[in-house]
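Work through these exercises with the model open beside you. Try each task before you read its solution.

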Amino acid sequence: MGTSTAPPLPSIPTIVEELQNAFDHGKTRPLEWRTKQMRQLWALIDENEHALQQALNADVGKSILDAQIYELGGFKNEILHMLQNFEGWLKPETPAVPDMFQAYKPSITKEPKGVVLIIAPWNYPVVLLLLPLLGAIAAGNCAILKPSELAPQVTATLADLVPRYLDRECFRVVQGGKEVSEELLEHPLGHIFFTGSPSVGKSIMAAASKHLTPVNLELGGKSPAIVMESANIAQAAKRIAWGKFLNAGQTCVAPDYALVHASVLPLFLQEITHVMEATYAYDHHSSHSARYRIVNSHHYDRLASLLASTKGTTFHRTAPPHRPTLSMPPTVVTDLQATDPLFQSELFGPILPILTFSTLSDLTATVRGIDPMPLATYVFTSSSPASSSAAEIEHLNARIPSGTTCVNDVMGHLGVTSLPLSGRGSSGFGAYRGKESIECFSAKRTVVDVPTSEEFEAMLGFRYPGGDDGGKYRMWKDGMEGKRDW
């Protein structure tokens, strides 16, 4: 596949118009059509795994195994889950209403929003483009797909495959950089779904305000990995290292830093050193160095600058940094204060800064001072029913708002297709995945069917002008105004 090239900007209004026409003519409404498109999405992945694996390796250094687990195979599980459940999720809801309004036959239906725009990042360029698309299809929408220009091989591959597998009248891939995204955002759309950085997310939201377009922002943040005194320290070190160093730390839900109880810090450092030497050591001439390749020189230099400016100590790293290959080794930094440059913004790289705490109040104050609403909170604590871990988790959940709390693992929730993904505040808003994707890409319509019988019309007499207002007042107070039951 060749590298991506942007289409001429004047073609974008045409694309929007053509997709809107297809939507207006009801092409996406039948459930059979939606099922076929989702099955075609499965075929797109299943029949082109090798090409997609090669593209992922070329763009972001993913191994075949990592590409299959964290992008392609995992997404196929998402498709199956959606196919098995989406018709039930789309059924009208019958809300609970007071007895006097049962005759209205009230219901809440879910309707597609129209032409939606999905803007994807470069770090997981297949799944973070196609997972929102899956929900958009199931909910009955047309979609414009804007993959990242920083993943050119994946972008070109998907630009070739999407029109071959999906309905061309309803789905388009638009290639290009920032100027293309800006042009797309000029148009009225049914929904905008963006995954990326908070700074760009703010620009997306500002652009969406022009047409009051609803938005999902799936951002990032500084998600803490908290290691309590009672935790299995060896296991905590192993799991934190995996989540932090996967994809060279370029994962939005990766643990950004560790907060370790001061009493177990020496043991934690011993265990994470062992894990890094056993699993993550490499030579930059070996093929393993590709796993720690930063996406481009700009981001590599950003990480190198942070390491140069930190006041902490480089406790351990598995290899020297190597700018010619953009290889940034897994690195642990200690002897830090929360005011250090490493805590000013999301790291998005294989650097694990470590802070310590002694009390729960110190812990929560530190987390909220660094990022008051992280994307995820990871807590390692005792798994014993007799321990105080439940109280600790309750304490942290009450004081650290986040999209996810994951106990005794990092990113463990990603494997469960029925769990929504979302942030809070600066880490984003608007959930999706599984049933929540139906909610995300659907507009809810309230429907009532009011009786027209003379008897029912008489019951509505209180609302019309004229007559005995006192009698109407008593009728309302006695028969229609709710009475408290406490």
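**Exercise 1. Find which residues of helix 2 and helix 4 meet, and state how the two helices are oriented.**

Step 1. List the contact, meaning heavy atoms within 4.5 Å. From helix 2 come L31, R34, T35, M38, R39, L41, W42, I45 and D46. They meet L72, F75, K76, I79, L80, M82, L83, F86, E87 and L90 in helix 4.

Step 2. Sort these residues by class. The contact has 13 nonpolar, one polar and five charged residues. Here Ala, Val, Leu, Ile, Met, Phe, Trp, Tyr, Cys and Pro count as nonpolar, Asp, Glu, Lys and Arg as charged, and the others, Gly among them, as polar.

Step 3. Take the geometry. Helix 2 (residues 31–46) and helix 4 (residues 64–90) pack at about 170°, with their axes 9 Å apart. Axes are lines fitted to C-alpha atoms, for helices over the stretch in contact, and angles run from 0 to 180 degrees between N-to-C directions.

Step 4. Name the orientation. Helix 2 and helix 4 are therefore roughly antiparallel. The cut-offs are: under 35 degrees roughly parallel, over 145 roughly antiparallel, 65 to 115 roughly perpendicular, the rest oblique.

Ground rules: this is a predicted model, where local features need pLDDT of at least 70, side-chain atom pairs count only at pLDDT 80 or more, and totals for chains, interfaces and linings use all residues. Residues are numbered from 1 along each chain as its sequence is written, and side-chain values use heavy atoms, with hydrogens and water left out.

**Exercise 2. Work out the strand order of the open sheet of seven strands, and explain why one side of strand 9 and of strand 13 has no neighbour.**

Step 1. Read the order: 9-10-11-8-7-12-13, with mixed pairing. Strands (E, at least two residues) and helices (H or I, at least four) are DSSP runs, numbered from the N terminus. Two strands pair if DSSP finds at least two bridges between them.

Step 2. Look at the edges. Strand 9 (313–317) and strand 13 (404–407) each have a single partner strand, so one side of each is left without a neighbour in the sheet.

Step 3. Check parallel pairs. Strand 7 (residues 224–227) and strand 12 (residues 376–380) share three bridges; V227 stands opposite F380. Strand 8 and strand 11 are joined by four, with A258 opposite I354. Strand 10 and strand 11 have three, and V332 is the bridge partner of L352.

Step 4. Test the cover of strand 11. Six of its seven residues are buried, that is, under 20% relative accessible area (exposed is over 50%, partly exposed in between; 1.4 Å probe, protein chains only).

**Exercise 3. Describe how helix 9 and helix 10 cross.**

Step 1. Their axes come within 8 Å and cross at roughly 50°. Helix 9 and helix 10 are therefore oblique to each other.

Step 2. Assign the hand. The crossing is right-handed: the near helix is turned clockwise from the far one by less than a right angle (anticlockwise would be left-handed).

Step 3. Classify the contact. It has 14 nonpolar, no polar and two charged residues.

**Exercise 4. Locate F348 and M411, and decide whether each is buried or exposed.**

Step 1. Recall the background. Most residues other than glycine have a negative phi.

Step 2. Take F348. Its phi is positive, about 55°. F348 lies in the loop between strand 10 and strand 11. F348 is buried, at 17% relative accessible area.

Step 3. Take M411. Its phi is positive too, about 60°. M411 sits in the loop between strand 13 and strand 14 (428–429). M411 is buried, at 5%.
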